[in-house]
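Colleague: I am new to this structure and would like a close look at a single part of it. Please take one strand as the starting point and work outwards from there.

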Amino acid sequence: MKTISVSIIGFGAVGQGVAKVLVDKKEYLENLGLDFKVVAVADSRTAAIDENGVDLNAVLSRKQDEGVVGSEKLTGLEIIETIDHDVVVETTPTNIVTGGVGLQNMLAAFKHGRDVVTSNKGPLAMKYGELMEAASEGGSNFKYEATVGGAMPVLNLAKDVLAGNSITNVEGIFNGTCNYILTRMMEEHASYEQMLAEAQELGYAETDPTYDVEGIDTACKLVILANCVFGMNATHEDVTVSGITRITPEALLLAQNEGYVIKLIGEVNDSRINVAPKLVPIDHPLAVGGSLNVASVQTDLSGPITVTGRGAGSVETASAILSDMISIYRD
Amino acid sequence: MRVSMDIELKDIPGQLLLALRPVSELKGNLISVVHHHEKRTPRGTIPVQLVFEIKPDKLNDIVSRLEENGIGIARIDEKRFFEHGAVILIGHIVHTDIQDTIDTIDKTGYAEVVDLNLSMPKINMASSASLKIDAVSKEHLDSAITLLKEIAREKDLLVIEPIKIELGVN
């Protein structure tokens, strides 16, 4: 049995999802010969620390009841710098302007030779080159499948599973909120404003939906794809972006009469990184409905490979993190 | 361009060769030949349908060579536009001079707007339209859509174009 000591930095929906799957999958992981021992959990205000392993169930219920994870006053950054452990699970909220605390956390982790698994897009979309360099200097593993498409495997698919293929293009729907709004507008023949309100009520959209509906979130994911799969050193400023706020129900109906649906499509290849609403033939593999994500990877040997799945959600995103953790430590 | 032609052959050997040779000599690309040997026209000739691609300036030469060879031509149908595309426009489409928007495409000579559906929900609200564009080739269709996007930017219209059907093939 290999024991790997873990910190979970950031305890929102994704951080809590990671704690849940580590509890639920304990036996499964033991069968793989892996024991992930969480030695520290931090949210934005408090921390729970135990070098013999934090009681994750207790932390989860305390977060639920009191809104905090523990009584310690250590920050995530202090935990990374002062507590000895192997892997930092970085699940703080995304900040695409500065990279936010996530960037500091990741750089500190690499400085101390720790591995990092993250769902936080901001730092990767802002400072990809710098992070890769720091990871390599620290001799650290750095995995971030959860940043693109949640549970839907895209990065590892393109990099590992399809090894041997050259990837010429990646195209798809990378934002479930936009997909939900557009799908519902078409179904109900309702305005953008009405369906945004519905999405907010159901928790599919944030109070300030700008980040999703203006295509910024999709742009960040494309930047990560461009850097990770196409070896670029792009930032979100290199992406041409147009969102879904101007789409009308009449446009969706006219498109439907021509055999199309309208989707917010992200596309990345050697010559462009682009986010825009596009017409997708109704019977095309990219025409998935609801809040699903989908990605089609164009390869030279295998042709197009298309995957679809849930692009967000606590446990769904945690599954991508868990898969990254396993791939680092499994022999 | 692509030409579809109905010709009539005398029922004697070697006639089909006489009909096809001019197409090949003038560097045409034969797409299909349907030879209705069991049928007869009222004139006792055999009807044949040819489809071929040829440079537009060579079509008259083909016609005269066929006539020289004694082959009757019943019908010629030329088709310039092979590519059909659809786009959606959103914005103040009519008030930003819809005629001018359409003219810009039509004036190219290689593409035309062949259909327009307009939906105007209320005064002062954005309209939506679907446009069908025909063009002589895929490349010309792409240029026409690029042109449309440029005008649309000036007029603050949103253009929604189709994804490339062959996934990721550029």
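Modeller: What follows starts from one strand of chain A, goes on to the charged pairs, and ends with the contact between the two chains and two loop residues.

This is a predicted model. The part to look at closely is strand β7 of chain A, which spans residues 167-173. Six of its seven residues are buried, so the strand is largely enclosed by the rest of the structure.

β7(A) pairs with two other strands of chain A, taken here in turn. With strand β11, residues 292-299, β7(A) pairs in the antiparallel sense over six bridges. One place to find this pairing on the model is A:E171, whose bridge partner in β11(A) is A:S296. Strand β9 of chain A, residues 260-269, also runs antiparallel to β7(A), and four bridges join the two. Here A:G172 can serve as the marker, since its bridge partner in β9(A) is A:G266.

Strand β9 leads on to a charged pair. The side chains of A:K278 and A:E267 meet in a salt bridge, with 3.8 Å from N to O. This pair links distant parts of the chain: A:E267 belongs to strand β9 of chain A and A:K278 to strand β10 (residues 273-281), and the two are 11 residues apart. A:K278 is buried, with a relative accessible area of 8%. A:E267 is buried as well, at 4%. Both values fall under the 20% that marks a buried residue.

Side chains of opposite charge can pair when their charged atoms come close. Over all chains, a search of the whole structure finds 25 salt bridges. Another of them, in chain A, joins A:E66 to A:R62, with the closest N and O atoms 3.1 Å apart. Both residues are in helix α3 of chain A (residues 56-66); because they are four residues apart there, about one helical turn separates them. A:E66 is exposed, with a relative accessible area of 53%, while A:R62 counts as partly exposed at 27%.

Chain A also holds a network of salt bridges that links A:R184, A:E187, A:E188 and A:E198. Between helices α9 (176-188) and α10 (192-201) of chain A is a loop, and A:H189 has its place there. Phi of A:H189 is near 50 degrees, a positive value in a residue other than glycine. A:H189 is partly exposed, with a relative accessible area of 43%.

Chain B has a salt bridge to set beside these. B:E53 forms a salt bridge with B:R2, and the closest N and O atoms are 3.2 Å apart. B:E53 lies in strand β3 (residues 46-53) of chain B and B:R2 in strand β1 (residues 2-9), so the pair ties together parts that are 51 residues apart in sequence. B:E53 counts as partly exposed at 25% relative accessibility, and B:R2 is partly exposed with a relative accessible area of 30%.

The next step is the contact between the chains. It takes 25 residues from chain B and 27 residues from chain A. The area buried between the two chains is about 2200 Å², and carbon and sulfur atoms give 64% of this area. Across this interface there are two salt bridges. The side chains of B:D156 and A:R246 meet in a salt bridge, at 3.4 Å from N to O. There are also six residue pairs in polar contact across the interface of chain B and chain A.

On the side of chain B that touches chain A, four strands each supply at least two residues: β5 (83-91), β6 (111-119), β7 (127-135) and β8 (158-160) of chain B. The largest share, five residues, comes from β5(B). The residues on this side of chain B divide into 14 nonpolar, seven polar and four charged.

One loop residue of chain B remains. B:N124 is found in the loop between β6 and β7 of chain B. Phi of B:N124 is near 75 degrees, a positive value in a residue other than glycine. B:N124 is exposed, with a relative accessible area of 72%.

To return to the starting point, β7(A) is a largely enclosed strand, with antiparallel pairing to β11(A) and to β9(A).

Note on methods. Residues numbered from 1 in each chain as written. Chains lettered and ligands numbered in written order. Predicted model: local features only at pLDDT ≥ 70, side-chain atom pairs only at ≥ 80, totals over all residues. Heavy atoms only, no water. Buried < 20%, exposed > 50% of the residue type's maximum accessible area, 1.4 Å probe, protein only. Pairing = 2+ DSSP bridges. Salt bridge = Lys/Arg side-chain N within 4 Å of Asp/Glu carboxyl O. Contact = heavy atoms within 4.5 Å. Buried area = accessible area lost by both parts, 1.4 Å probe. Polar contact = N/O pair within 3.5 Å; in protein donor to acceptor, adjacent residues only side chain to side chain. Nonpolar A, V, L, I, M, F, W, Y, C, P; charged D, E, K, R; others polar.
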